[in-house]
Amino acid sequence: MQQTAAPAIHQASNNGHTSPILEIKHLHTSFFLETGTVRAVRGVDLTLARQSVLGIVGESGCGKSITAMSVMQLIKSPPGRIVEGEILFYRKEGEAPINIVDLDPVGSEMRRIRGGEIAVIFQEPMTSLNPLFSVGRQITEVIKLHQNVSDAQAEQRALEMLERVQISEPKRRIKQYPHQLSGGMRQRVMIAMALSCNPAILIADEPTTALDVTVQAQILELMRDLQNDFKSSIMLITHNLGVVSQMADFVAVMYLGQVVEYGSVRDIFHHPLHPYTEGLLKSVPVLGRKTATLEPIRGMVPSATAEIPGCAFADRCPHVMRICREEPPELRAIEPGHTAACWLYAEGRVARGEARVAAS
């Protein structure tokens, strides 16, 4: 897990909105290979509130990106498939949601949603942008696909978006190709493309990976400003806890395809409940911490092909009990708005849990 100096924790806020815009319920996504079935996502439950930022954190391979690709119906089939669950998109408040799982991945309704109402910023813009076309052509194609505008209107909108993401000399840059831009500029182009159709939801998958810390800070500030301007909701996928602390209102911690803890950013950073979350926070360097060495999480993540009868974290947990190896814990509310999937807080087994909650 990458981390720099301990930044100020972002204050969680729904901006006056508490209704969900996206709900993921009991999502299972698997890849069926000759060598076995890879259960990449194992019963994920998540809620993204309107005009909020949800940070999804966890180690590489924990299912963060596959969850996002499932929302966008971008799982390559074969070998991948959404096996079970619902992805409910609330297009308008007060209306019945659309279950994205039921939509044809290449049908007109999904094409309308993908890019128009739910957009993605991928982690590596050099591989996401087409090297054969100018950045202007790539942005205008997105605009024309989702909006009934002329070529001239689409180009004007593309110029406006390049200005909004603070790219210098947009009239010159719009004619350039991806290889002629720096990494930071390419990421700004991806943000401009994603926001060009005013999407209700923006999925940012590791948006600052491979950028230096100065450019990273600029990109994060830009995303926050644009989120406020466009009144959008953001699902931020990252392994960088520093990014989450700066950007997110709420945080979901994932481990081996499951959400093991969910709460406000302040709850997660100042009062973690799940032993895995505690381990993550202890294993990253923080300025001002007096301990001489970091505390790594012992052991290894189990294989995604493994059938685990109990808690997936049991072999690495310092508080493991017999039941942890026999039955999987449910994600349950420990405090208002703060949930964890851990037997330490189950009814009848709350001695440590009650003491920790009471001490907070």
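Reader: Before the sheet, when do two strands count as paired?
Author: Two strands pair if DSSP finds at least two bridges between them. The model discussed here is a predicted one.

Reader: How many bridges link strand 1 and strand 2, then?
Author: Eleven bridges link strand 1, residues 20–33, to strand 2, residues 36–49, and the sense of the pairing is antiparallel.

Reader: What joins strand 1 to strand 2?
Author: A hairpin does, through two residues.

Reader: Which residue is the bridge partner of F31?
Author: F31 has V38 in strand 2 as its bridge partner. Also in strand 2, L46 stands opposite I24.

Reader: What is the strand order of the sheet?
Author: The sheet is open and has four strands in the order 2-1-4-5, with antiparallel pairing. Its edge strands are strand 2 and strand 5 (98–99), each of which pairs on one side only.

Reader: Which strands does helix 1 lie across?
Author: Helix 1, residues 64–71, lies across strand 1, strand 2 and strand 4 (80–89), and runs at about 110° to strand 1.

Reader: Changing topic: at what angle do helix 5 and helix 8 pack?
Author: Helix 5 (residues 151–164) packs against helix 8 (residues 213–230) at an angle of about 130°, and their axes are 11 Å apart.

Reader: Why are helix 5 and helix 8 called oblique to each other?
Author: Angles over 145 degrees count as roughly antiparallel and those from 65 to 115 as roughly perpendicular; the angle of about 130° fits neither, so the two helices are oblique to each other.

Reader: Which residues meet there?
Author: From helix 5, R157, M161 and R164 meet L222, L226, D229 and F230 of helix 8. The residues of this contact comprise four nonpolar, no polar and three charged.

How values were computed. Residues numbered from 1 in each chain as written. Predicted model: local features only at pLDDT ≥ 70, side-chain atom pairs only at ≥ 80, totals over all residues. Heavy atoms only, no water. Axes fitted to C-alpha atoms, helices over the stretch in contact; angles between N-to-C directions. Parallel < 35°, antiparallel > 145°, perpendicular 65-115°, else oblique. Contact = heavy atoms within 4.5 Å. Nonpolar A, V, L, I, M, F, W, Y, C, P; charged D, E, K, R; others polar.
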